[in-house]
Amino acid sequence: MYQKYLKRIADFTLSFVGLIAFSPFFLILVLAIKLDSKGPVFFKQKRIGKDKKEFDILKFRTMRIDTPKEVPTHMLINPEQYITKVGRILRKTSLDEVPQIINILKGEMSIIGPRPPLWNQYNLISERDKYGVNELVPGLTGWAQINGRDELPISVKAKLDGEYARKLSPTFDLKCFFGTFVSVLKKDGVVEGGTASLKISDIQERLEERVD
């Protein structure tokens, strides 16, 4: 009941209210992006959604228009050279993800859920198959994002997403929701140009604490 109906109603209602309430602030961000560098305000990227269906995710553009396409930022060599001045602020505060409110309104995403992988992140998609994660609607933020984000190796990220799939409930979604604010304020797990910076012992300890 919750996953099929109530979660969708909550997603649509909260996203619609948020879009209206913060629209003046969004306009300021749009203006800042246009003044900072050449190119469009929004950035589209093909991602994998529920049941592995492709969709175009929306973000505020944070990188120069000559940045290599369809490559995760952490896999670029010296990604800092491509990030704009405004983009650096947007990425650190996760404000670049705000346009995904539109994806949520369209039903392509949820507020809480596993982050949608790039269409060519085959290893992550395959790992998620083991835990039934690809059957879920992807989210703006999720359990893996507040427990490591870019720092996590694919296998660990998939296990955390699998844990979310098992424990999916209103209470667990609220835990992820409020945990996101803490993670953003602390700038946890943001890594430009590399992943898996957590020590193996730290990863194992986290899994022992959180995965049944």
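What follows is a chat about the fold, burial and helix packing of a predicted model.

Student: Before we start, what kind of model is this, and how are its residues numbered?
Tutor: This is a predicted model in which local features need pLDDT of at least 70 and side-chain atom pairs count only at pLDDT 80 or more, while totals for chains, interfaces and linings use all residues. Residues are numbered from 1 along each chain as its sequence is written, and side-chain values use heavy atoms, with hydrogens and water left out.

Student: OK, how many helices and strands are there?
Tutor: The protein chain has 8 helices and 4 strands, where helices (H or I, at least four residues) and strands (E, at least two) are DSSP runs numbered from the N terminus. Their order from the N terminus is α-α-β-β-α-α-β-α-β-α-α-α.

Student: And how much of the chain is buried?
Tutor: Of the 212 residues, 44% are buried, meaning under 20% relative accessible area with a 1.4 Å probe, protein chains only. The chain exposes about 11,700 Å², of which carbon and sulfur atoms supply 62%.

Student: Which residues of α1 are buried, and what do they pack against?
Tutor: In α1 (residues 2–21), the buried residues are K7, D11, S15 and G18. The buried residues of α1 pack against α2 (23–36), α4 (100–105), β3 (110–112), α6 and α7 (170–186), with contact meaning heavy atoms within 4.5 Å.

Student: Switching to helix pairs, how do α5 and α6 cross?
Tutor: The axes of α5 (residues 122–129) and α6 (residues 154–167) come within 9 Å and cross at roughly 40°; axes here are lines fitted to C-alpha atoms, for helices over the stretch in contact, and angles run from 0 to 180 degrees between N-to-C directions. The two helices are therefore oblique to each other, since angles under 35 degrees count as roughly parallel, over 145 as roughly antiparallel, 65 to 115 as roughly perpendicular and the rest as oblique.

Student: Which residues meet there?
Tutor: N123, L124, E127 and R128 in α5 meet I154, S155, K157, A158 and D161 in α6.

Student: What about α2 and α3, at what angle do they cross?
Tutor: The axes of α2 and α3 (residues 85–93) come within 8 Å and cross at roughly 140°, and α2 and α3 are therefore oblique to each other. In this pair, L29, A32, I33 and D36 of α2 meet K85, V86, G87 and L90 of α3.

Conventions
Buried means under 20% relative accessible area, exposed over 50%, partly exposed in between (1.4 Å probe, protein chains only). Accessible areas come from the Shrake-Rupley method with a 1.4 Å probe; for residues, only the protein chains shown count as cover.
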